[in-house]
Amino acid sequence: MGDNQSWVAEFILVGFQLGAEMEAFLFWIFSLFYIFSMLANGVIFALICLDQRLHTPMYFFLAHLAIIDMSYASNNVPKMLVNLVNQKRTISFVPCILQTFLYLGLAATECLILVAMSYDRFVAICHPLQYTVIMSWRACSVLVVTSWSCGFVLALTHAVLLVRLLFCGPREVNHLFCEILSVLKLACGDTWINKVVIFAASVFVLVGPLCLMLVSYIRILWAILNIQSKEGRKKAFSTCSSHLCVVGLFFGIAMVVYMVPESSQREEKEKILSLFHSLFNPMLNPLIYSLRNAQVKDALYRALQVRAM
């Protein structure tokens, strides 16, 4: 490795290179979005916990999705907000690796939770008579525990492979946070193994689950079209369309970031897409599920009525 190489103790997060006024403006806008996303997901989680009518498998998974969205945003956004108003945009080595570990773990877990939610919709629409047997609380708990375990085992693998590398050159991470591909570019050693594992993990948590969900929704669509009543078809489409919106946003962005070949403008595009993942996606998820879901709106109305009495 050479005696003249020194270990990097901290990195510099480059972020968006904008004027001071624009950065101050973005600070307030992103702060409002962050607060709203935390409140919205917190309300969804609280309603699911407090309202007995929402104690079903679908809302059980939705509660975990809300926890993931709040955690994911809290892992990335606060540091990004600080950097918008602070010219010293440094982050120490250990917090950087921890940030990478958490965002990878939470992102992989969200992928797998979305798969569990699509399976729940598949069973509910295609096998309604066996729904309570198949989607028992034990089965739901196994799906959730498996999702969290697999997500963080993958993240731990990435973190261990990242820690073994020597960082001795430039310190500037050209990203909003310690995104793994941007950090790898600063490594002095060979990162081939890291990139292979990232690609394999992307196939496991992105391509594989997406294929499973596509097959499920083809079956679901066929089952919906065979429903005789117009009201039944409308209700089935309504419950599935919310999940499809979330799946499209999450998987579409993730596949562009981690599976599209590199280009000259890739880094700047990745910053915008990662911002969407960290800030806008956690904010949009509760809106999509609440605005298109009568049960959630009814639960919120009942909660407000109880508080008003």
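In the predicted model, Leu13 stands opposite Val173 in strand S3. The two residues belong to a small part of the fold that can be described strand by strand. S1 and S3 pair in the parallel sense, over two bridges. On the other side, strand S1 (residues 10–13) is joined to S2 by three bridges, and these two strands run antiparallel. One of the pairs here is Glu10 with Ser92, its bridge partner in S2. Taken together, the three strands form an open sheet with mixed pairing, in the order S2-S1-S3. Strand S2 (90–92) and strand S3 (172–173) stand at the edges with a single partner strand each, so one side of each has no neighbour in the sheet.

Helix H3 packs on this sheet and touches S1 and S2, its direction making about 85° with that of S2. The two faces of S1 differ in their surroundings: Phe11 and Leu13 form a covered face, whereas Glu10 and Ile12 form an uncovered one.

Helix H3 can also be considered by itself. At 1.5 Å a residue, its 34 residues should span 50 Å, and the end C-alpha atoms are 50 Å apart, which agrees with that expectation. Of the 34 residues, 27 are buried, so H3 is largely enclosed by the rest of the structure. Val94 is found in this helix, but it counts as exposed because its relative accessibility is 60%, and the cut-off for exposed is over 50%. The C-alpha atom of Val94 is separated by 8.4 Å from that of Glu10, although the two residues are 84 residues apart along the chain.

The interior of the model was examined next. In soluble globular proteins, nonpolar side chains tend to be buried together. The largest nonpolar core in this model has 87 residues, and Phe11, Phe30 and Phe167 are those with the most contacts inside it. Helix H3 (residues 93–126) supplies the largest share of this core, 18 residues. Phe11, one of the three residues with the most core contacts, is on the covered face of S1.

Phe30 is one of the buried residues of helix H1. Apart from its neighbours within four places in sequence, Phe30 is in contact with Met80, Leu81, Leu84, Leu275, Leu279 and Phe280. Other buried residues of H1 include Leu26, Phe27, Ile44, Leu47 and Ile48, and among them are also Glu23, Ser31, Ser37 and Asn41. The length of H1 (residues 20–50) was checked as for H3: at 1.5 Å a residue, its 31 residues should span 45 Å, and the end C-alpha atoms are 44 Å apart, which agrees.

Charged side chains were then considered. The count comes to five salt bridges. Asp51, Arg53 and Arg302 are linked in a network of such bridges. Within this network, the closest N and O atoms of Asp51 and Arg302 are 2.8 Å apart. Asp51 lies in the loop between H1 and helix H2 (57–85), while Arg302 lies in helix H10 (residues 294–308), so the pair ties together parts that are 251 residues apart in sequence. For the salt bridge of Asp51 with Arg53, the closest N and O atoms are 4.0 Å apart.

The three residues of the network fall into separate accessibility classes. Asp51 has a relative accessible area of 9% and is buried, because buried means under 20%. Arg53, at 53%, is exposed, and Arg302, at 25%, is partly exposed. In another salt bridge, Arg121 pairs with Asp120, and their closest N and O atoms are 2.8 Å apart. Both Arg121 and Asp120 are buried.

A final residue, Thr191, was examined in a loop. Thr191 lies between helix H6 (180–184) and helix H7 (192–225). Its relative accessibility is 10%, so Thr191 counts as buried. Leaving aside neighbours within four places in sequence, Thr191 is in contact with Leu165 and Leu184.

Definitions and conventions: Residues are numbered from 1 along each chain as its sequence is written. This is a predicted model: local features need pLDDT of at least 70, side-chain atom pairs count only at pLDDT 80 or more; totals for chains, interfaces and linings use all residues. Side-chain values use heavy atoms; hydrogens and water are left out. A nonpolar core is a set of buried Ala, Val, Leu, Ile, Met, Phe, Trp, Tyr and Cys residues joined through side-chain atoms within 4.5 Å. Buried means under 20% relative accessible area, exposed over 50%, partly exposed in between (1.4 Å probe, protein chains only). Helices (H or I, at least four residues) and strands (E, at least two) are DSSP runs, numbered from the N terminus. Contact means heavy atoms within 4.5 Å. The expected span of a helix is 1.5 Å times one less than its number of residues. Two strands pair if DSSP finds at least two bridges between them. Axes are lines fitted to C-alpha atoms, for helices over the stretch in contact, and angles run from 0 to 180 degrees between N-to-C directions.
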